[in-house]
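Trainee: I've just opened this one and don't know my way around yet. Could you walk me through one part of it up close?

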Amino acid sequence: MTNIVIEEIRDFHDELTGWRRDIHAHPELGFEEQRTSDLVAAKLASFGIEVHRGMAKTGVVGRLRNGNSPRTIGLRADMDCLPIREANSFAHRSQNDGRMHACGHDGHTAMLLGAARHLAQTKKFDGTVHFIFQPAEEGLGGGAAMVKEGLFDEFPCDAIFGMHNRPGLAIGKFQIRPGAMMAGGAFFDIAIAGKGSHGARPEAGVDPVLVGSHITTALQSIVARNVRAVDTAVVSVTQIHAGDAYNVIPERAVLRGTVRCFSKPVMSLVEERMRQIAEGVAGGLGATASLDFRVLFPPLVNHDDETRFIADAAAELVGEDNINRHGPLTMASEDFSFMLERVPGAYIQIGNGDGEGGCEVHNPGYDFNDAALPYGAALFVRLVERRLARMGG
Ligand SMILES: [Zn+2]
Ligand SMILES: [Zn+2]
């Protein structure tokens, strides 16, 4: 009976909840997680774990060795909050106005701390565990920064695992899928140069507003006509800026927006078609257009063996009936993808419940559900105990 680990962690559930609510009450934006990383570092040190600080500014890595095996594993949590004003009124609501843990990273951090504490006490493994607490997951590239600053050179990991809460999925349930699970994301700017003129004399100018409108419409042909129907992509123009007066045709217009898809080839195809459409449509109408296309996140791609491994470990804790091994694709992005590009691993979703705390992430009424803490912490523990199992023991 291995779900004894859940029961062992439940013994300090109150303490875990206290840590989670403390972090929730003191949310910090990406690369500003000073108090949070102080708290994480202090807890790790108090468990007797070696602490390394300063990677990607506020990142923290804890190293726990046991036995002689050269095998290693990485477990990752994120620490940053969002620029949202919290609408909740409970005692642990945000004390930093306009800052809120609306994505549950407070819970992810607490679950990984819970696992660290349990593993440091019980040490039922042979090898090295790296507890990776990354800054700035919410669009600022904290995961990429840690990788760039040598995360896997300084703290080699044979495999790496991460977890995100999922509102609407019951407590004690998990979902995952092999291969692509979350979309890659890009932002773009299309700058259109026309020729200004009087609004009553369009023949004297080149209207960048009309050009931008045609480009916006034509961009929708990419998903409809160029991306294979069995692949998936989104092209959204989310900003159109041009002009200041009723009677002036402006010189310039700018279109901005985002692209999401599940593979690099599709991302490249969309970028290439966007450039051709923007330049071609503008050229045909006598203007010029240039595309600036920036891929922010690669798609999150789970490795097959590690996906099976984490799903098996979760099934051992909560039963196969509570694991969805073919969970849904999501168009949202996640910067754990940068780590999965470098090291085999998998990313799983853990139920946050559909009652209290079941509110969608990034909503001002959201709260991480503390009932999920023992499940997530226990899964991290079992990943280590299974991956770094003592030989013959
Ligand atoms: Zn988020
Ligand atoms: Zn998140």
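Trainee: Among contacts between residues at least 6 apart in sequence, what percentage join residues at least 24 apart? After that, please take a close look at the site of the zinc ion (ligand 1) and the zinc ion (ligand 2), which are 3.1 Å apart.

Mentor: Sure. First, some housekeeping: residues are numbered from 1 along each chain as its sequence is written, while chains are lettered from A and ligands numbered from 1 in the order in which they are written. This is a predicted model, where local features need pLDDT of at least 70, side-chain atom pairs count only at pLDDT 80 or more, and totals for chains, interfaces and linings use all residues; side-chain values use heavy atoms, with hydrogens and water left out.

Now your number: it's 82% of those contacts, where contact means heavy atoms within 4.5 Å. For the overall picture, the protein has 11 helices and 16 strands; these are DSSP runs numbered from the N terminus, at least four residues (H or I) for a helix and at least two (E) for a strand. The C-alpha trace spans about 85 × 45 × 40 Å along its principal axes. Of the 393 residues, 55% are buried (buried is under 20% relative accessible area, exposed over 50%, partly exposed in between, with a 1.4 Å probe and protein chains only).

On to the metals. The zinc ion (ligand 1) takes its protein donors from Cys-103 (SG), Glu-138 (OE), Glu-138 (OE) and His-362 (NE2), at 2.0 to 2.8 Å. Donors here are N, O and S atoms within 2.8 Å of the metal (3.2 Å for Na, K and Ca), and water is not among the atoms, so sites may look incomplete. What do the angles look like? They run from 51 to 149 degrees around this zinc ion, so the arrangement is irregular. That word covers anything that fails these tests: four donors are tetrahedral if all angles lie between 85 and 135 degrees, while four are square planar and six octahedral if opposite donors are over 155 degrees apart and all others between 65 and 115.

Along the sequence, the donor residues of the zinc ion (ligand 1) follow the spacing C-x34-E-x223-H. Glu-138 sits in the loop between strand E4 (127-134) and helix H5 (142-148), and His-362 in the loop between strand E16 (345-351) and helix H11 (373-387), so this pair links distant parts of the chain, 224 residues apart. His-362 is partly exposed, since its relative accessibility is 40%.

The zinc ion (ligand 2) is held by Cys-103 (SG), His-105 (NE2) and His-164 (NE2), at 2.1 to 2.3 Å. Its donor residues are spaced C-x1-H-x58-H. Cys-103 is in the loop between strand E3 (72-78) and H4, whereas His-164 is in strand E5 (residues 160-166), so the pair ties together parts 61 residues apart in sequence. Cys-103 coordinates both zinc ions. As for cover, Cys-103 counts as buried, at 6% relative accessibility, and His-164 is buried too, with a relative accessible area of 9%.

Next, follow the chain into helix H4. H4 is mostly covered, with 16 of its 18 residues buried. The end C-alpha atoms of H4 are 26 Å apart, which agrees with the 26 Å that 18 residues should span at 1.5 Å a residue; the expected span is 1.5 Å times one less than the number of residues.

Thr-109 has its place in H4 (residues 105-122). Is Thr-109 buried or exposed? Buried, because its relative accessible area is 0%. Setting aside residues up to four places away in sequence, Thr-109 touches Ile-23, Val-40, Ala-77, Asp-78, Met-79 and Phe-133.

What comes just after H4? Lys-123, with a positive phi of about 50 degrees. Lys-123 belongs to the loop between H4 and E4 and is partly exposed, with a relative accessible area of 32%. Leaving out neighbours within four places in sequence, Lys-123 is in contact with Leu-64, Asn-66, His-118 and Arg-390. Take Leu-64: Lys-123 is 59 residues from Leu-64 in sequence, yet their C-alpha atoms are 9.2 Å apart in space.
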